[in-house]
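Got your viewer open? Load the model and keep the selection box handy.

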Amino acid sequence: MSKINFVKKHLTAIGVALLAMTITACDNWAKSQSPSANNPKVANLSDTSTSTSPPVSPTQNAANSQSQEQQAVQVIHDYYDAIARQDYQQAYLAWDGDGSASKQSFEEFKQGFANTVSVNEEVGKPGRLEGAAGSLYIEIPVTITAVTTNGTPQRFNGSYKLRRVNNVPGSTPKQRRWHIYSANISLEQ
């Protein structure tokens, strides 16, 4: 047998073995996945759900969507309540990443309210819940009225985008709560 034929036979045998291992690995991986792992309805189940939970009806999805909207809106109310009480630590922690999403250090964040005597928010109708990469997002319009230490009223308009992790395996209760992800707020002229 020539060296070329010998090498071809061994390479063919190695290729067949690798193909068989790949097929087995893919089959094992597929069997280990939940049959509903990519089903968007799974993200809307409660934290105590199991894979044997009944399917979620459109009515349940609508109710869950409203509940999610209400929870997100409450984060904005709690955020401004904390600012009004000068509990800047609680307000800072309302931001995703324990405040890092504000793109400020805690001291910079706190200093931003140094000349604020009072603050009041009006929340508009939340946008649609949107999902991406294991998270839910919602945009909430706001109008903020603040009064400075010298008595000057200020009015701001814009929106906050909030984020929460879906009820995915391994996620923590803290990750499954709404947090402020970004803001687009500007002073009215």
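Here is a tour that starts with the whole chain and ends in a pocket.

First, some ground rules: this is a predicted model, where local features need pLDDT of at least 70, side-chain atom pairs count only at pLDDT 80 or more, and totals for chains, interfaces and linings use all residues. Residues are numbered from 1 along each chain as its sequence is written, and side-chain values use heavy atoms, with hydrogens and water left out.

**Stop 1: the whole chain.** Switch to cartoon and colour by secondary structure. You'll find four helices and five strands, in the order α-α-α-α-β-β-β-β-β from the N terminus. Helices here are DSSP runs of H or I with at least four residues, strands are runs of E with at least two, and both are numbered from the N terminus. Of the 189 residues, 28% are buried; that means under 20% relative accessible area, with exposed being over 50% and partly exposed in between (1.4 Å probe, protein chains only). Turn on the surface and you're looking at about 12,500 Å², 55% of it supplied by carbon and sulfur atoms (Shrake-Rupley method, 1.4 Å probe; for residues, only the protein chains shown count as cover).

**Stop 2: strand β3.** Select residues 135–148, which are β3. Ten of its 14 residues are buried. Which strands does β3 pair with? Three turn up here, where pairing takes at least two DSSP bridges between two strands:

- β1 (116–123) runs antiparallel to β3 over seven bridges; pick valine 123 and you'll see valine 142 of β3 as its bridge partner.
- β2 (residues 130–132) is antiparallel to β3 too, joined by three bridges, with alanine 132 opposite serine 135.
- β4 (153–165) is joined to β3 by 13 antiparallel bridges; try alanine 146, whose partner is glutamine 154.

Now zoom in on the two hairpin turns. Between β2 and β3 there are two residues, and alanine 133 takes a positive phi near 50°. The β3 and β4 hairpin has four residues between its strands, and there glycine 151 has a positive phi near 90°.

**Stop 3: two serines.** Select serine 171, in the loop between β4 and β5. Is serine 171 buried or exposed? Its relative accessible area is 12%, so serine 171 counts as buried. Skipping neighbours within four places in sequence, serine 171 is in contact (heavy atoms within 4.5 Å) with Val165, Asn166 and Arg176.

Next, jump to serine 182 in strand β5. Serine 182 is partly exposed because its relative accessible area is 29%. Leaving out the same kind of sequence neighbours, within four places, serine 182 touches Trp95, Ser159, Tyr160 and Lys161. Draw a C-alpha distance from serine 182 to tryptophan 95: 8.1 Å, for residues 87 apart along the chain.

**Stop 4: the second largest pocket.** A pocket is an open set of points on a 1 Å grid over the protein atoms alone where a 1.4 Å probe fits, with protein on both sides within 12 Å along at least five of seven lines; lining residues have an atom within 4 Å of a point. The second largest pocket holds about 430 Å³, a volume being the space filled by probe spheres set on points joined across faces, edges and corners. Show sticks for Tyr79, Tyr80, Phe113, Tyr160 and Ile185, the closest to its centre of 19 lining residues. Elements giving at least two lining residues each include α2 (58–84), α4 (106–111) and β5 (179–187). The lining splits into 13 nonpolar, five polar and one charged residue. Nonpolar covers Ala, Val, Leu, Ile, Met, Phe, Trp, Tyr, Cys and Pro, charged covers Asp, Glu, Lys and Arg, and the others, Gly among them, are polar.
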